[in-house]
Amino acid sequence: QVQLVESGGGSVQAGGSLRLSCAASGAAFYVYGTLHVGWFRQTPGKEREGVAAIFPVGAMTSYADSVKGRFTISQDSTKRTTYLEMNNLKPADSAMYYCAASVGRVSAPGRSDTFHYWGQGTQVTVSS
């Protein structure tokens, strides 16, 4: 069982930056290097949207077109913490951001139904 806890959300003005963190726990140490980890976001009344994902084997990353060039996903050396560096934030980026994970590489990292474990979310609000 993998537990995920997000942190780092907050309120910023447009053009600002935030770094979200996702801390994983509850698994054997060797599992963390096999987790495909994704960041998703959701606003009321809308479907959960894939933002970025990372698979540590081969350092494979993927991004939604809407965040390419502005957001960067990365991990610490233990692979237990995954970060989402968000720069040049826009009001459209305002949402609840969720961290998700699955053991092994997922085939569609942009789809929420491909991830098994989820965190509780952290709110990001960008004002104009």
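Is Cys 22 buried or exposed? Hello everyone, and let me answer that straight away: Cys 22 is buried, with a relative accessible area of 2%. Before going on, please keep in mind that this is a predicted model.

Let's stay with that cysteine for a moment. Cys 22 forms a disulfide with Cys 99, and the two sulfur atoms are 2.0 Å apart. Searching the whole structure turns up 1 disulfide, and this is the one. Where does it sit along the chain? Cys 22 belongs to strand β3, residues 18-25, while Cys 99 belongs to strand β9, residues 95-103, so the bond links distant parts of the chain, 77 residues apart. The partner is hidden too: Cys 99 has a relative accessible area of 0%, so Cys 99 is buried. And for those who like handedness, the torsion about the S-S bond is about -70 degrees, which means the disulfide is left-handed.

Now let's widen the view to the sheet around β3. Here we have an open sheet of 4 strands, with antiparallel pairing, in the order β1-β3-β8-β7. At its edges stand β1, residues 3-7, and β7, residues 71-75; each has a single partner strand, so one side of each has no neighbour in the sheet. Going from one strand to the next, the twist averages 15 degrees. As a reminder, strands of a sheet pair through backbone hydrogen bonds, either parallel or antiparallel.

Let's walk across, strand by strand. β1 and β3 pair in the antiparallel sense over 5 bridges. Within that pairing, Val 5 has Ala 23 of β3 as its bridge partner. Next, β3 and β8 are antiparallel as well, with 6 bridges between them. Finally, β7 and β8 run antiparallel and are joined by 5 bridges. There, Thr 72 is matched with Glu 85 in β8. The hairpin of β7 and β8 has 5 residues between the strands, and in it Lys 79 takes a positive phi near 65 degrees.

What about strand β8, residues 81-86: how many of its 6 residues are buried? The count is 5, so β8 is largely enclosed by the rest of the structure.

A nice residue to click on is Leu 20, which lies in strand β3. Leu 20 has a relative accessibility of 0%, so it counts as buried. Across the sheet, Leu 20 stands opposite Leu 84 in β8. Setting aside neighbours within four places in sequence, the contacts of Leu 20 include Ser 7, Trp 39, Leu 84, Met 86, Tyr 97 and Val 124. For a sense of distance, Leu 20 and Val 67 are 47 residues apart in sequence, and their C-alpha atoms are 14 Å apart in space.

Let's turn to the aromatic residues. A pair of aromatic rings is described by the distance of the centres and the angle of the planes. In this model the count comes to 4 aromatic pairs. One of them is Phe 40 with Phe 115: the ring centres are 5.4 Å apart and the planes are at 75 degrees, so this pair is edge-to-face. Phe 40 is in strand β4, residues 35-42, and Phe 115 is in the loop between β9 and β10, so the pair links distant parts of the chain, 75 residues apart. Phe 40, at 0% relative accessibility, counts as buried, and so does Phe 115, at 6%.

Another pair is Tyr 98 with Trp 118, again edge-to-face, at 6.5 Å centre to centre and with 75 degrees between the planes. Tyr 98 is in strand β9 and Trp 118 in strand β10, so this pair ties together parts 20 residues apart in sequence. Tyr 98 is buried, at a relative accessible area of 13%, whereas Trp 118, at 25%, counts as partly exposed. Put together, Phe 40, Tyr 98, Phe 115 and Trp 118 form one aromatic cluster.

Which charged residue sits over the ring of Trp 118? That would be Arg 48, whose charged end is 4.8 Å from the ring centre. A second example is Arg 19, lying over the face of Tyr 83 at 4.2 Å from the ring centre.

To close, I'll go back to where we began: Cys 22 in β3 and Cys 99 in β9, joined by a disulfide. Thanks for listening!

Conventions: Residues are numbered from 1 along each chain as its sequence is written. This is a predicted model: local features need pLDDT of at least 70, side-chain atom pairs count only at pLDDT 80 or more; totals for chains, interfaces and linings use all residues. Side-chain values use heavy atoms; hydrogens and water are left out. A disulfide is a pair of cysteine sulfur atoms within 2.5 Å. Helices (H or I, at least four residues) and strands (E, at least two) are DSSP runs, numbered from the N terminus. Buried means under 20% relative accessible area, exposed over 50%, partly exposed in between (1.4 Å probe, protein chains only). Contact means heavy atoms within 4.5 Å. Two strands pair if DSSP finds at least two bridges between them. Axes are lines fitted to C-alpha atoms, for helices over the stretch in contact, and angles run from 0 to 180 degrees between N-to-C directions. Rings of Phe, Tyr and Trp (its six-membered ring) pair if their centres lie within 6.5 Å; planes under 30 degrees apart count as stacked, over 60 as edge-to-face and the rest as tilted. A charge sits over a ring if NZ of Lys or CZ of Arg is within 6 Å of the ring centre and within 35 degrees of the ring normal.
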